[in-house]
Amino acid sequence: MSAYSRASRGLVKGGMSATAAANLLGELRSETGAELSAGLLARATETYSQKPTDSNAIKRRKTARFGAVRDAADWVITATTTGRLTTTPQQRDHRSNT
């Protein structure tokens, strides 16, 4: 049984507080983010590793691409730790004049 099912059943049938379920889901989200980030970095290392025969231009491009993937991996960890994957735009009342 997945942890999501465990949290859902614990909440529906009782025996698990909402705080405990939220903590369990938060931990799962953080673990998933860390695993995804580690996978991104491993793939980037494989893809953008430099060879002795690479020219300086190729080395610079590979370094830049690796840096971009590293930044994405850092973002994944941050987004999954905070629980916010995107920022929600501020909602406006369409009838407002401002």
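Thr-80 is buried, with a relative accessibility of 11%. It falls below the cut-off because buried means under 20% relative accessible area. Thr-80 sits in helix H3, and the Thr-80 side chain reaches the backbone oxygen of Val-76 at 2.8 Å. The model is predicted. The chain has 3 helices and 0 strands.

**Fold and confidence**

- Read along the sequence, the pattern is α-α-α.
- The chain has 98 residues, of which 18% count as buried.
- About 7700 Å² of the chain is exposed, and carbon and sulfur atoms supply 56% of that area.
- Among contacts with a separation of 6 or more, 42% join residues 24 or more positions apart.
- Mean pLDDT for the chain is 84. A value of 70 or more is reached by 83% of the residues.
- Confidence is lowest in helix H1 (residues 3-13), where the mean is 79. Confidence is highest in helix H3 (residues 56-82), at 92. Thr-80 belongs to helix H3.

**Nonpolar core**

- The largest nonpolar core has 5 residues: Ala-3, Ala-7, Ala-21, Leu-24 and Leu-28.
- H1 and H2 are the elements that give two or more residues to this core.
- H2 supplies the largest share, 3 residues.
- In soluble globular proteins, nonpolar side chains tend to be buried together.
- Leu-24 is a member of this core. Leaving aside neighbours within four places in sequence, Leu-24 is in contact with Ala-3, Arg-6, Ala-7 and Met-16.
- Ala-3 and Ala-7, two of these partners, are also listed in the core.

**Salt bridges**

- A search of the whole structure finds 2 salt bridges.
- Side chains of opposite charge can pair when their charged atoms come close.
- One salt bridge joins the side chains of Glu-46 and Arg-43, at 3.7 Å from N to O.
- Glu-46 and Arg-43 both lie in helix H2 (residues 18-47). They are 3 residues apart, about one turn of the helix.
- Glu-46 counts as exposed because its relative accessibility is 58%. Arg-43 also counts as exposed, at 53%. The cut-off for exposed is over 50%.
- Another salt bridge joins the side chains of Asp-54 and Lys-62, at 3.0 Å from N to O.
- Asp-54 and Lys-62 are both buried. The Glu-46 partner of the H2 bridge, by contrast, is exposed, as is Arg-43.

**Thr-47 and its surroundings**

- Thr-47 lies in helix H2, the helix that also holds Glu-46 and Arg-43.
- Thr-47 is partly exposed because its relative accessible area is 33%, which lies between the 20% and 50% limits.
- The Thr-47 side chain reaches the backbone oxygen of Arg-43 at 2.8 Å. The side chain of Arg-43 is the one that meets Glu-46 in a salt bridge.
- Thr-47 and Lys-62 are 15 residues apart along the chain. Their C-alpha atoms are separated by 8.5 Å. Lys-62 is the residue whose side chain meets Asp-54 in a salt bridge.

**Two threonines side by side**

- Thr-47 is in helix H2, and Thr-80 is in helix H3.
- Thr-47 is partly exposed, whereas Thr-80 is buried.
- The Thr-47 side chain reaches the backbone oxygen of Arg-43. The Thr-80 side chain reaches the backbone oxygen of Val-76.

Terms used: Residues are numbered from 1 along each chain as its sequence is written. This is a predicted model: local features need pLDDT of at least 70, side-chain atom pairs count only at pLDDT 80 or more; totals for chains, interfaces and linings use all residues. Side-chain values use heavy atoms; hydrogens and water are left out. A salt bridge is a side-chain nitrogen of Lys or Arg within 4 Å of a carboxyl oxygen of Asp or Glu. Helices (H or I, at least four residues) and strands (E, at least two) are DSSP runs, numbered from the N terminus. Buried means under 20% relative accessible area, exposed over 50%, partly exposed in between (1.4 Å probe, protein chains only). pLDDT is the predictor's confidence in each residue, from 0 to 100. A polar contact is a pair of N or O atoms within 3.5 Å; within protein, one must be able to donate a hydrogen and the other to accept it, and residues adjacent in sequence count only if both atoms are side-chain atoms. A nonpolar core is a set of buried Ala, Val, Leu, Ile, Met, Phe, Trp, Tyr and Cys residues joined through side-chain atoms within 4.5 Å. Contact means heavy atoms within 4.5 Å. Accessible areas come from the Shrake-Rupley method with a 1.4 Å probe; for residues, only the protein chains shown count as cover.
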